[in-house]
Amino acid sequence: LAESLRTEDISLVSHVHGRERRAERNILRQELQSAVKHGTMEHANPGRDGSTRWRYTHNGVVYITDESSRHEITSWRIDGKEDDTVADAEVNLDGRGSHVVLIVDSSGSMRKDDVPGYASRTQAVYDCLSRDFVEAQVSQGIHGEDVV
C-alpha cells in the first residue's frame with residue numbers, strides 16, 4: 001500500500017460476523033485498517049470453500065480478510081486488551097469440593113482432520129482434556145466432594 005494513503009482511507013468492507021467479533025473483543029475499525037497498512041501479511045487458513053484468506057498482525061491485533069484484503073472475516077487480540085472489560089471472579093470454597101464444567105465446540109468444523117495425529121479436531125480436544133486436565137486432577141488426588 002502507498003505510504004501516502006491515510007490509514008482511515010484503507011478500504012474495509014464489514015460484515016455482521018466481523019463487527020460482532022470486534023465489539024466483543026474491543027477492537028476498533030482503525031486498528032484493522034492499521035494492520036493492513038503496517039502489519040505483517042501472511043496466508044491464513046482458507047475459507048470453507050477453499051478461498052484464499054490473509055492474516056494481518058499488527059500492534060497486538062490479528063485480522064483475517066478475504067483474498068482482496070478488503071472484506072473483514074474476523075479479528076482477535078493477542079495483546080490481552082480485551083480482558084480489561086472483564087472483572088476477575090474469585091470464589092473461596094472454604095475447603096469444600098468443586099465442580100468444573102468444560103464446554104467443547106461440536107460444530108461441523110470440529111470434524112476436520114487438520115490436527116496431526118488425530119482423526120478430527122474433536123478427538124484432539126478430548127485427548128488433550130484427558131491428558132492435561134483429568135490426569136492432572138487424578139494425580140493430585142481427588143477429595144471427597146470433587147467430581148472429575
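User: Leaving aside its neighbours within four places in sequence, which residues is threonine 65 in contact with?

Analyst: Contact means heavy atoms within 4.5 Å. Outside its neighbours within four places in sequence, threonine 65 touches Arg53, Trp54, Tyr56, His71 and Ile73. Threonine 65 lies in strand 3, and helices (H or I, at least four residues) and strands (E, at least two) are DSSP runs, numbered from the N terminus. This is a predicted model, in which local features need pLDDT of at least 70 and side-chain atom pairs count only at pLDDT 80 or more, while totals for chains, interfaces and linings use all residues. Residues are numbered from 1 along each chain as its sequence is written, and side-chain values use heavy atoms, with hydrogens and water left out.

User: Is threonine 65 buried or exposed?

Analyst: Buried means under 20% relative accessible area, exposed over 50%, and partly exposed in between (1.4 Å probe, protein chains only). Threonine 65 has a relative accessible area of 0% and is buried. In the chain, buried residues make up 24% of the 148 residues.

User: What pattern does the chain follow along the sequence?

Analyst: The pattern reads α-α-β-β-β-β-α, with three helices and four strands in the chain. Of the contacts with a separation of 6 or more, 39% are between residues 24 or more positions apart.

User: How many residues of helix 2 are buried, and what do they pack against?

Analyst: Seven of the 10 residues in helix 2 are buried, so the helix is mostly covered. They are Glu31, Leu32, Gln33, Ser34, Ala35, Val36 and Lys37. These buried residues pack against helix 1, strand 2, strand 3 and strand 4 (72-77).

User: Which residues make up the largest nonpolar core?

Analyst: A nonpolar core is a set of buried Ala, Val, Leu, Ile, Met, Phe, Trp, Tyr and Cys residues joined through side-chain atoms within 4.5 Å. The largest one here has 10 residues: Ile10, Leu12, Ile27, Leu32, Ala35, Val36, Trp54, Tyr56, Val61 and Tyr63. Two or more residues come from each of helix 2 (29-38), strand 2 and strand 3 (61-66). Helix 2 gives the largest share of this core, three residues.

User: How many salt bridges does the structure hold?

Analyst: Side chains of opposite charge can pair when their charged atoms come close. A salt bridge is a side-chain nitrogen of Lys or Arg within 4 Å of a carboxyl oxygen of Asp or Glu. The structure holds 10 of them. One joins glutamate 42 to arginine 55, with the closest N and O atoms 3.4 Å apart. That pair links distant parts of the chain, 13 residues apart, with glutamate 42 in strand 1 (residues 40-43) and arginine 55 in strand 2 (residues 53-58). Both partners are partly exposed: the relative accessible area is 38% for glutamate 42 and 26% for arginine 55. Elsewhere, salt bridges that share partners join Glu20, Arg21, Glu24 and Arg25 into one network.

User: Within that network, where are glutamate 24 and arginine 21 in helix 1?

Analyst: An α-helix has 3.6 residues a turn, so residues three or four places apart point the same way. Glutamate 24 and arginine 21 are separated by about one helical turn, because they are three residues apart in helix 1 (residues 16-25). Their side chains meet in a salt bridge at 3.0 Å, N to O. Glutamate 24 also forms a salt bridge with arginine 25, at 3.8 Å, N to O. Arginine 21 is buried at 16% relative accessible area, whereas arginine 25 is partly exposed at 23%.
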